[in-house]
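Open the model in your viewer and keep the sequence panel visible. The tour below goes selection by selection.

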Amino acid sequence: MDAVDATVERLRAQCLSRGVSGIRSLARFFRRLDQDGSRVLDARELRRGLAELGMLLDEAEAEGVCKRWDRDGSGTLDLEEFLRALRPPMSQAREAVIVAAFAKLDRSGDGVVTVDDLRGVYSGRAHPKVQSGEWREDDVLRCFLDTFDSSEKDGQVTLAEFQDYYSGLSASVDTDEEFVAMMTSAWQL
């Protein structure tokens, strides 16, 4: 384990020691660290924030953490990158039920869920906005799909995006049994 991984594990452990509220408070913590209000953290802001938690990093370590977590190459961390890095890994049971739910949605089997895939699984005809004529059924399905899509809504949800969505939810469910039961019920698996 390198220094960056060790830093992530220490911060994750500190959050988890506070239970679900520790994970949930990460967004508030992120906003507090964002001193310039830019909605992203640079290495300096991250370093200062981690120091508040008693995690002293030198400049190179803070830059290393930022670089490791920065998925979009911007040189800074947005909230999603920050949360994704700190969420605890999921168990095999949780991963398996997420994959099963995704497979149910991915009717075409091409690894990407689209509105066309959803048409075969769900109907939006009973949605109030469809009933009133304000939306078409495809609008409802697209809105549903956008729930799982990344910040760049492209009308396609990959397994990785679906897993990211459920990774956040997973962090707030205590046991594998509860998570699997919730997913099984929600997706009628």
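Select R94 first. This is a predicted model, and in it R94 has a relative accessibility of 6%, so R94 counts as buried, the cut-off being under 20%. Which residue does the side chain of R94 meet in a salt bridge? Add D176: the two side chains pair at 2.6 Å, N to O. R94 sits in helix α6 and D176 in helix α11, so this salt bridge ties together parts 82 residues apart in sequence. D176 is partly exposed, at 27% relative accessible area.

Now select helix α11, residues 176–187. Its 12 residues should span 16 Å at 1.5 Å a residue, and the end C-alpha atoms are indeed 16 Å apart. Colour F179, M183 and W187: these are the buried residues of α11. They cover an arc of only 40° around the axis, which puts them on the same side of α11. The background is simple: an α-helix has 3.6 residues a turn, so residues three or four places apart point the same way. Turn to the other side of α11, where E177 and S185 are exposed.

What covers the buried residues of α11? Show α6 (92–105), α9 (137–146) and α10, which are among the covering elements. Then step just past the end of α11 to Q188, whose phi is positive, about 50°.

Next, helix α10, residues 159–170. Select L169 within this helix. L169 is partly exposed, with a relative accessible area of 30%. Add Y165 and M182: with L169 they make a nonpolar surface patch of about 220 Å².

Stay on α10 and pick D164. D164 forms a salt bridge with R71, with the closest N and O atoms 3.6 Å apart. This pair links distant parts of the chain: D164 belongs to helix α10, while R71 is in the loop between α4 (59–69) and β2 (77–78), 93 residues away. R71 is exposed, at 57% relative accessible area.

Move to α9 and select R142 and D146. Both lie in this helix, four residues apart, about one turn. They form a salt bridge, with 3.2 Å between the closest N and O atoms. R142 is partly exposed, at 32% relative accessibility.

Last selection: D116, R119 and D138. Salt bridges that share partners join these residues into one network. How many salt bridges does the model hold, counting a side-chain nitrogen of Lys or Arg within 4 Å of a carboxyl oxygen of Asp or Glu? The count comes to eight.

Definitions and conventions: Residues are numbered from 1 along each chain as its sequence is written. This is a predicted model: local features need pLDDT of at least 70, side-chain atom pairs count only at pLDDT 80 or more; totals for chains, interfaces and linings use all residues. Side-chain values use heavy atoms; hydrogens and water are left out. Patches are made of residues with over 30% relative accessible area and no salt bridge: like charges are joined within 9 Å, nonpolar side chains (Val, Leu, Ile, Met, Phe, Trp, Tyr) within 5 Å. Accessible areas come from the Shrake-Rupley method with a 1.4 Å probe; for residues, only the protein chains shown count as cover. Helices (H or I, at least four residues) and strands (E, at least two) are DSSP runs, numbered from the N terminus. Buried means under 20% relative accessible area, exposed over 50%, partly exposed in between (1.4 Å probe, protein chains only). The expected span of a helix is 1.5 Å times one less than its number of residues. The arc is that of the directions from the helix axis to the C-beta atoms. Contact means heavy atoms within 4.5 Å.
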